[in-house]
Amino acid sequence: MTDLSLIRNFSIIAHIDHGKSTLADRLIQFTGGLTDREMSEQVLDNMDIERERGITIKAQTVRLNYTAKNGETYQLNLMDTPGHVDFAYEVSRSLAACEGAILVVDAAQGVEAQTLANVYQSIEHDHEIVPIINKIDLPAAEPEKVKAEIEDIIGIDASEAVLTSAKSGIGIEEVLEAVVARIPPPEGDRSAPLKAMLVDSWYDPYLGVVILVRVVAGTLTKGLHVKFMQGGTEHLVDRVGCMNPKIEQLSQLQAGEIGFITAQIKEVEQARVGDTITTVKNGADKALPGYKEVQPVVFCGLFPVDAADFEKLRESIGKLRLNDASFSFEMESSAALGFGFRAGFLGLLHLEIIQERLTREYDLDLITTAPSVVYRIQLGKSKTDDAREIELHNPSDYPDPNRIEMIEEPWIKATIYTPDEYLGAILKLCQDRRGIQIDLTYVGGRAQVTYELPLNEVVFDFYDRLKSISRGYASFDYEQIGLREGDLVKMSILVNNEPVDALSMIVHRDVAEARGRGMCERLKDLIPRHLFKIPIQAAIGGKVIARETISAMRKDVTAKCYGGDISRKKKLLEKQKKGKAKMREYGNVSIPQEAFIAALRMGEE
Amino acid sequence: MARALYIHWPFCLKKCPYCDFNSHVRADVEVARWQSGLIADMRREAEVAGGETLQSIFFGGGTPSLMPPSLVSALLHEAESLWGFDENVEITLEANPSSVEASRFADLASAGVNRASLGLQSFDDGALQMLGRLHSAQEGLAALGVAQDHFDRVSFDLIYAMPGQGEADWSAMLDRALGMGTDHLSLYQLTIEPGTRFATDVRRGALRPLDDDSAADLFAITRELTDAAGLPAYEISNHARPGQESRHNLTYWRYRDYCGIGPGAHGRRGGAATLRHKKPENWLASIDRQGDGLSEVRPQNAREQASEALLMGLRLAEGVDLAALSRRTGIERGGLVEDGRLAFFCEMGLAWSAGDRIGITPSGMPVLDGLLAEIVPSELVAA
Ligand SMILES: Nc1nc2c(ncn2[C@@H]2O[C@H](COP(=O)(O)OP(=O)(O)OP(=O)(O)O)[C@@H](O)[C@H]2O)c(=O)[nH]1
Ligand SMILES: [Mg+2]
């Protein structure tokens with residue numbers, strides 16, 4: 001049993017790639033959690049996709065035992081968090097379970113958008129923040145300048161910032177000493193009724209559903225009957241433990257501690273994050289304040305390339321969701337793409353990661369339709385229906401335009417932080433995307449711009465464009481600021497005069513023509529010539545706004561064919577037939593799967 | 001019962017860069033061994049598919065004009081004694097128009113050959129060189145004259161849609177060809193076949209085939225000029241004065257039975273597809289081993305037969321009689337064509353349908369492969 005005064009709970013927060021996970025490695029190593037042989041780089045990033053991309057997606061918690069210079073042995077519960085904005089909710093949950101945070105700032109990059117966003121969240125929790133300037137080994141490191149930035153921009157004292165190189169192991173002990181000295185110990189009455197915060201849950205193939213908890217009051221022991229206060233279900237706790245970072249079973253977790261439990265739970269859904277766990281008998285009567293629910297903001301369709309894979313896709317999505325409750329999905333069918341799912345994500349990186357995991361871990365070939373956002377539409381009264389409000393997730397569900405009285409679209413407030421040489425190009429990009437400039441400030445050669453932007457313009461390809469025009473130097477962060485009315489229309493794409501549902505999209509009237517032209521041009525190159533000419537049109541309602549024509553194929557013949565060649569000719573025909581079977585028919589036009597995929601990627605140029 | 005016999009002579013002096021036929025270059029050929037081998041192969045076919053007189057024999061290759069006339073004569077005697085000949089039997093031999101070969105034409109005619117098909121390919125020395133031909137334009141024209149003196153019927157081949165070829169160039173050459181006084185012409189667009197040297201050249205970027213649109217324009221010109229000259233197309237690439245069509249080749253396109261002997265020869269007889277060993281040495285070994293050169297006799301089901309009949313028959317201007325094909329295969333009309341697609345393409349002017357017959361119009365012919373993929377039902381094609 002660890003005395004409260006000897007416990008420290010803290011998160012490591014930073015902008016993406018500033019070295020959080022690498023610092024966590026060093027802290028684990030220094031305190032002897034893993035031997036050198038067991039150690040790997042960013043050992044907490046254990047998903048394949050995290051290792052491959054070198055980024056953290058899921059927050060991870062480890063317990064370290066550290067004997068400080070004062071001779072006391074402390075229990076340190078460290079939470080490594082992701083830096084990318086799409087996973088900000090992971091950071092917020094971790095912060096809620098701690099009393100302090102280590103703020104890592106790259107000594108060469110300085111303060112960036114996500115540094116600010118995360119540190120402000122931490123300040124809101126009244127956390128003690130320990131600034132750390134990392135990567136001081138880099139030739140471009142300017143620790144003094146970064147200290148000044150931390151003080152000027154964030155407004156916290158950086159005079160005692162620890163200088164580290166997580167990579168070369170400099171300053172590690174100083175970090176641990178600073179944590180012990182500056183982050184306050186937790187509080188909590190260990191004899192009060194149990195209150196444990198459900199911080200995270202995931203599915204482990206060996207342990208089943210594992211729940212990460214922060215005990216706020218009371219004691220959680222093995223064999224206890226517990227109740228989830230919001231979920232309303234009751235469970236028997238069959239394991240209590242912590243990760244150090246290997247699994248270590250314990251007999252109990254007491255107020256102030258962070259650890260995991262298992263309770264023979266089959267579905268991750270039953271262990272909703274933010275819930276409060278208490279005992280069945282003599283439980284607490286008031287739940288802890290929960291977490292803000294995360295709402296998916298970007299939607300897209302996911303379809304199997306091979307229609308026969310639909311069941312496999314359904315299963316795989318289900319399994320993936322066991323470990324990531326933050327994306328949603330519902331079944332969808334499309335004339336072009338068959339059966340699939342409409343899925344919602346926290347952002348584009350999140351979308352990309354789920355898509356990639358499905359492809360790789362579950363060996364599925366997928367078609368992803370263009371990302372879209374959720375619109376709110378006010379419908380007027382019709383003969384058969386009252387006036388009402390609907391939410392539109394999928395352009396193909398766009399209602400009869402005559403009934404639409406108003407469409408609202410989600411807007412965001414984007415904060416972009418950039419070296420000033422890229423500022424001009426960035427302002428132009430924001431302007432082109434219907435942005436409204438709110439603020440522009442300079443701090444030492446860097447500019448911080450704030451724009452309000454329609455999310456639909458951002459999901460299109462904004463982030464990729466931003467990265468390319470700033471050569472990766474600009475950082476970007478956003479928050480949703482609600483819905484605003486917009487002049488939005490549904491643009492349909494017609495191939496040989498038939499609408500292709502999978503290609504329709506909702507766009508602002510002002511950009512419709514340019515988008516339509518782009519799509520028609522793209523399709524012209526992607527759809528093979530047929531035996532007849534094929535018009536490709538973009539239209540709003542009945543009005544054609546862009547048009548291209550694929551001319552008819554004029555030569556497709558085996559010039560010489562005598563007795564000996566029949567078998568070969570037949571093989572050719574078989575091949576042609578097989579190729580056709582993989583295409584989708586639209587108004588007598590066969591559109592190859594690749595054409596859909598490539599057309600829908602048009603935003604990526 | 002087969003009434004057409006194909007005899008393959010696999011040897012060439014040199015392999016042409018566009019040719020993907022079964023041809024081989026060998027320093028010497030043991031004529032006696034080949035003679036007895038081909039005769040053995042022929043006897044095997046006559047046992048299985050004899051009983052009616054032959055309407056046609058075709059010597060193809062390789063370069064059959066390199067065969068000693070005595071060998072040709074011996075094979076024809078054998079065929080006649082095995083099957084018997086129709087009174088109008090058509091005996092064609094493919095010939096290279098070189099002076100050496102032309103000097104044999106008289107003997108080949110005495111041996112019984114009554115129709116020659118000359119691989120002239122072009123009247124242009126540059127083109128001939130690029131095609132890897134060993135004869136010059138001059139030599140070719142001379143050989144054509146010799147052939148016309150000795151054989152009752154003469155046809156020749158030209159290759160067009162060469163890289164960079166323009167309309168003026170081709171129509172001039174075709175005009176000249178039509179003035180040569182033959183009643184049959186085979187006019188092929190150059191196609192790059194996989195496995196040929198040209199295919200490699202294209203891949204490396206050393207050869208740029210003529211684009212499809214220009215090739216299609218040349219095809220249209222070909223139709224126009226040959227129609228005007230009274231030698232309309234009766235098949236995609238074959239033109240004849242009515243009555244002068246190659247009877248032997250019509251057997252293939254009408255999907256009637258034929259026997260094929262010699263290395264790599266294909267046959268279709270009695271509901272089976274036959275194939276013979278391709279490599280000359282293997283074929284000889286097979287003759288020694290089993291008395292024939294057969295490497296495969298594969299019975300074909302009704303669906304296979306129907307799809308072959310369609311993909312061959314629709315090459316012909318006369319089209320295909322679906323009622324007859326139904327009777328032959330036991331498959332109803334609905335199973336033989338995608339009627340909906342056919343109607344769609346008839347409306348577009350690419351195909352026609354008249355009672356039981358269906359066919360491809362002149363404007364559909366240049367895209368026949370694409371049309372076949374549309375109108376031949378998948379069930380017939382499934383492997
Ligand atoms: N030179 C140098 N490189 C470092 C140092 N610390 C981390 N890095 C490198 O910076 C990159 C990012 O490190 P991570 O530890 O994955 O960064 P992170 O903050 O966890 O990134 P996210 O979790 O994706 O937000 C890796 O290539 C590290 O090797 C350091 O002290 N010096
Ligand atoms: Mg990380």
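The following questions and answers go through the cores, a helix pair and the chain contact of a predicted model.

Residues are numbered from 1 along each chain as its sequence is written, and chains are lettered from A in the order in which they are written. In this predicted model local features need pLDDT of at least 70 and side-chain atom pairs count only at pLDDT 80 or more, while totals for chains, interfaces and linings use all residues.

Visitor: What percentage of the residues of chain A count as buried?
Guide: A residue is buried if 20 or more other C-beta atoms, placed from the backbone, lie within 10 Å of its own, exposed if 12 or fewer, and partly exposed in between. Chain A has 605 residues, and the share of them that counts as buried is 47%.

Visitor: Which strand of chain A gives the most to the largest nonpolar core?
Guide: A nonpolar core is a set of buried Ala, Val, Leu, Ile, Met, Phe, Trp, Tyr and Cys residues joined through C-beta atoms within 7 Å. The largest one has 160 residues, and A:Ile102, A:Leu103, A:Val213 and A:Leu220 are those with the most contacts inside it. Strands (E, at least two residues) and helices (H or I, at least four) are DSSP runs numbered from the N terminus. With eight residues, the strand that gives the most to this core is β8 (residues 208-217) of chain A.

Visitor: How are α3(A) and α4(A) oriented to each other?
Guide: Axes are lines fitted to C-alpha atoms, for helices over the stretch in contact, and angles run from 0 to 180 degrees between N-to-C directions. Helix α3 (residues 88-96) and helix α4 (residues 113-124) of chain A pack at about 25°, with their axes 10 Å apart. Angles under 35 degrees count as roughly parallel, over 145 as roughly antiparallel, 65 to 115 as roughly perpendicular and the rest as oblique. Therefore α3(A) and α4(A) are roughly parallel.

Visitor: Which helix gives the largest share of the side of chain B that touches chain A?
Guide: Two residues are in contact if their C-beta atoms, placed from the backbone, lie within 7 Å, and the contact takes 38 residues from chain B and 24 residues from chain A. Elements that give two or more residues to the side of chain B include α9 (212-228), α12 (302-313) and α16 (368-375). The largest share, six residues, comes from α16(B).

Visitor: How many residues of the contact of α3(A) with α4(A) are charged?
Guide: In this contact A:Ala88, A:Val91, A:Ser92 and A:Leu95 meet A:Ala117, A:Asn118, A:Gln121 and A:Ser122. Ala, Val, Leu, Ile, Met, Phe, Trp, Tyr, Cys and Pro count as nonpolar, Asp, Glu, Lys and Arg as charged, and the others, Gly among them, as polar. Four are nonpolar, four are polar, and the number charged is no residues.
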